[in-house]
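I opened this model to follow one residue outward into its surroundings. My notes are below, in the order of looking things up.

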Amino acid sequence: MKNQMRHKQKGIASVEFAVGFGAFFLLCITWIEIGYLAHVSAVTDVAIAEAAREAKVASLDHGNRQGSPQSFMRIFKRVVTEETERYGGLVDNDNFRFTVQYLDSVDDLERYQGDCRSKDDTAQEIECGRSKHSALALYAVEYDYTPIFSNLIADPSVLRREVIVIQEYERDAFAI
């Protein structure tokens, strides 16, 4: 009887190991994926904050240090690219889409319904409104996030960050 019981128990440790290891492996993959998503999100947050700060204090009348004219979009895009490269290169700069929406007044901001980009638009950069004499600007960055383990996780998603700023050199045009 004792031999018969031992024979039935043979291999149970292998089954328990396989089930336990499978669950542990999925837990580790999920942990890595959440960490990567948090990294991409944090880098995007820092990049848009820094880029909006630098773009809002730019004066387009004076050009850059070399004397060539710049646009708020070009400054914004350059700083986002520089900031993301600074954090380990895990964020692909080709997956960014940039939008700058210029607004004349707080009332325009109140009426603002969302992105000036249509849902099907895949252009990397879009500027809406006019930059001159627009005291407010809404800087937005979209990042096409593709999971590391794309076979295990559903569809890729889009991370979107927005910052509303007062353009320093256009604030005299501010209409309340």
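Where is the place of Gln 101? I found Gln 101 in strand 1, which covers residues 96–103. I note at the start that this is a predicted model.

**Entry 1: Gln 101**

I next asked whether Gln 101 is buried or exposed. Its relative accessibility is 10%. The cut-off for buried is under 20%, so Gln 101 counts as buried. I then listed its contacts, leaving out residues up to four places away in sequence. Gln 101 touches Tyr 112, Cys 116, Cys 128, Gly 129, Leu 136, Ala 137 and Leu 138.

**Entry 2: strand 1**

I checked the rest of the strand for burial. In strand 1, 8 of its 8 residues are buried. In a regular strand, side chains alternate between the two faces of the sheet. I therefore sorted strand 1 by side: Phe 96, Phe 98, Val 100 and Tyr 102 lie on one, and Arg 97, Thr 99, Gln 101 and Leu 103 on the other. Both faces are covered, and the residues named on each are all buried.

**Entry 3: the sheet**

Which order do the strands take in the sheet? I read 2-1-3-4 for the 4 strands, in an open sheet with mixed pairing. The edge strands are strand 2 (125–128) and strand 4, each pairing on one side only. From one strand to the next the twist averages 15°.

I looked at the two pairings of strand 1 in turn. With strand 2, strand 1 pairs in the parallel sense over 4 bridges. Here Thr 99 has Ile 126 as its bridge partner, and Val 100 has Glu 127. With strand 3, strand 1 pairs in the antiparallel sense over 8 bridges. One bridge partner I noted there is Leu 136, for Leu 103. Leu 136 is also among the residues that Gln 101 touches.

**Entry 4: helix 3 and helix 2**

I looked for what lies over the sheet. Helix 3 lies across strand 1, strand 2 and strand 3, and runs at about 145° to strand 1.

How do the axes of helix 2 and helix 3 cross? They cross at roughly 145° and come within 8 Å. Helix 2 passes helix 3 in a right-handed crossing. The contact includes Val 43, Val 46 and Ala 47 of helix 2, and Phe 72, Ile 75 and Phe 76 of helix 3. I sorted the contact by class and got 12 nonpolar, 1 polar and 4 charged residues.

**Entry 5: the nonpolar core**

In soluble globular proteins, nonpolar side chains tend to be buried together. I went to the largest nonpolar core, which has 27 residues. Which of its residues touch the most other members? I found Phe 76, Val 80, Tyr 139 and Tyr 143. Two or more residues each come from helix 2 (12–56), helix 3 (72–86), strand 1, strand 3 (136–145) and strand 4 (157–166). Helix 2 gives the largest share, 8 residues.

I followed Tyr 143 further. Leaving out residues up to four places away in sequence, its contacts include Tyr 36, Val 40, Phe 96 and Leu 159.

**Entry 6: the chain**

I ended with the overall counts. The protein chain has 4 helices and 4 strands, in the pattern α-α-α-β-α-β-β-β along the sequence. Of its 176 residues, 30% are buried. Among contacts between residues at least 6 apart in sequence, 75% join residues at least 24 apart.

Note on methods:
Residues are numbered from 1 along each chain as its sequence is written. This is a predicted model: local features need pLDDT of at least 70, side-chain atom pairs count only at pLDDT 80 or more; totals for chains, interfaces and linings use all residues. Side-chain values use heavy atoms; hydrogens and water are left out. Buried means under 20% relative accessible area, exposed over 50%, partly exposed in between (1.4 Å probe, protein chains only). Contact means heavy atoms within 4.5 Å. A nonpolar core is a set of buried Ala, Val, Leu, Ile, Met, Phe, Trp, Tyr and Cys residues joined through side-chain atoms within 4.5 Å. Two strands pair if DSSP finds at least two bridges between them. Axes are lines fitted to C-alpha atoms, for helices over the stretch in contact, and angles run from 0 to 180 degrees between N-to-C directions. A crossing is left-handed if the near helix is turned anticlockwise from the far one by less than a right angle, and right-handed if clockwise. Ala, Val, Leu, Ile, Met, Phe, Trp, Tyr, Cys and Pro count as nonpolar, Asp, Glu, Lys and Arg as charged, and the others, Gly among them, as polar.
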